Amino acid sequence: MTEASSQVDQSKPSIARVYDYLLGGKDNYEADRVVGDKFKNDLPGSVAIAHANRQNLIRAVREIALAGIDQFIDIGSGLPTADNVHQVAQRHVPDARVVYIDSDPIVLAHGRALLADNPSTRVIQADVRDPRSIREHTETTSLIDFERPVAVIHSAVLHHINDDEGPGSIVRYWQEQVPPGSYFFVSHFRSGDNPETREAEAVLQSTFGRGRWRTDEEIQALFDGLEILEPGIVPSPLWRPGTAVAPAGVGSAEHELTVWERLIVGGLARKP
Ligand code: SAM
């Protein structure tokens with residue numbers, strides 16, 4: 001057993017494994033499925049939110065790679081799934097390099113197993129709230145050239161950071177570390193000021209002790225200092241749907257958006 005896998009507590013639900021369950025993955029345990037089923041029953045849109053978010057990330061990575069960026073830092077990356085950031089990026093930029101970061105030891109264990117012989121990727125166990133430890137990690141500095149533009153991804157992770165933990169200052173830290181022309185993708189739970197938002201926030205708080213649905217203004221503030229690219233910060237299914245790589249239906253904009261799908265937004269920005 002590796003050090004990372006020995007840290008995995010199967011008796012407590014984890015954000016990464018519940019998300020994996022909602023996406024239809026197999027890397028989850030009974031405790032995760034109990035919570036995942038509660039989400040599915042009490043919050044019927046949670047599966048659609050997970051898929052809409054993941055497809056938004058895939059489309060954004062494709063766009064970033066097409067812009068010529070060949071290095072990615074994916075913070076709060078989650079468990080390996082069908083289309084990971086390095087696979088999407090390398091479809092367009094074959095030698096794209098990706099550092100995956102997650103605080104959950106299961107991500108490290110599974111990621112390292114999957115990527116063991118991939119010289120273009122690294123997996124680090126670290127906390128998004130301690131960006132310096134990620135920036136200075138030897139796995140990061142060995143793969144990422146901070147003299148050249150980098151894509152920094154915070155996909156569906158900053159809403160797990162409470163206000164007093166400074167989500168805005170985390171994004172600002174990374175802005176200072178990368179040169180002009182670098183890209184930032186953020187997706188985030190968006191408050192609709194409706195019963196669905198309040199219920200979802202309550203379920204997340206009671207399960208994980210964290211989970212913040214932020215207003216449009218609060219999410220916009222995470223991009224301060226950056227040039228937000230078209231179409232702006234919008235519900236994930238509406239973010240450049242024409243570039244969809246997923247089959248039509250879930251996670252695409254080819255159907256009327258439900259209130260749930262409006263509760264997750266994505267935005268891509270560039271450091272001027
Ligand atoms: N980024 C992936 C995506 O969008 O498909 C996965 C998103 S998943 C909802 C959130 C991930 O953030 C989980 O894997 C969880 O372990 C990770 N996470 C939560 N809090 C974190 C923290 N403080 N530091 C690092 N990762 C964290």
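Which residues in α4 meet which residues in α5? In this predicted model, the α4 side of the meeting is made up of Ile58, Val61, Arg62, Ala65 and Leu66, and the α5 side of Val85, Val88, Ala89 and His92. Sorted by class, the residues of this contact come out as 7 nonpolar, 1 polar and 1 charged.

Let's look at the geometry of the pair. Two packed helices are described by the angle between their axes and the distance between the axes. For α4 and α5 (residues 85–92), the angle is about 35° and the axes lie 8 Å apart. The crossing in which α4 passes α5 is right-handed.

One residue of α4 deserves a closer look. Setting aside neighbours within four places in sequence, Val61 is in contact with Val85, Val88 and Ala89. Val61 also turns up in the largest nonpolar core, a set of 69 residues, where Val61 and Ala151 have the most contacts. The element that gives the most to this core is α4, with 10 residues.

Now to the ligand. Around it are 20 residues, and those that come nearest are Ala16, Gly76, Gly78, Ser103 and Ser155. Two elements give two or more residues to this shell, namely α2 (15–22) and α4 (46–66). So that the two groupings can be read side by side, here are the class counts for the ligand shell and for the contact of α4 with α5.

| Group | Nonpolar | Polar | Charged |
|---|---|---|---|
| Shell around the ligand | 8 residues | 7 residues | 5 residues |
| Contact of α4 with α5 | 7 residues | 1 residue | 1 residue |

Methods: Residues numbered from 1 in each chain as written. Predicted model: local features only at pLDDT ≥ 70, side-chain atom pairs only at ≥ 80, totals over all residues. Near = placed C-beta within 6 Å. Helix = DSSP H or I, 4+ residues; strand = E, 2+ residues; numbered from the N terminus. Nonpolar A, V, L, I, M, F, W, Y, C, P; charged D, E, K, R; others polar. Axes fitted to C-alpha atoms, helices over the stretch in contact; angles between N-to-C directions. Left-handed = near helix turned anticlockwise from the far one by under 90°. Contact = placed C-beta atoms within 7 Å. Core = buried A, V, L, I, M, F, W, Y, C linked by C-beta atoms within 7 Å. Buried ≥ 20, exposed ≤ 12 C-beta atoms within 10 Å, placed from the backbone.
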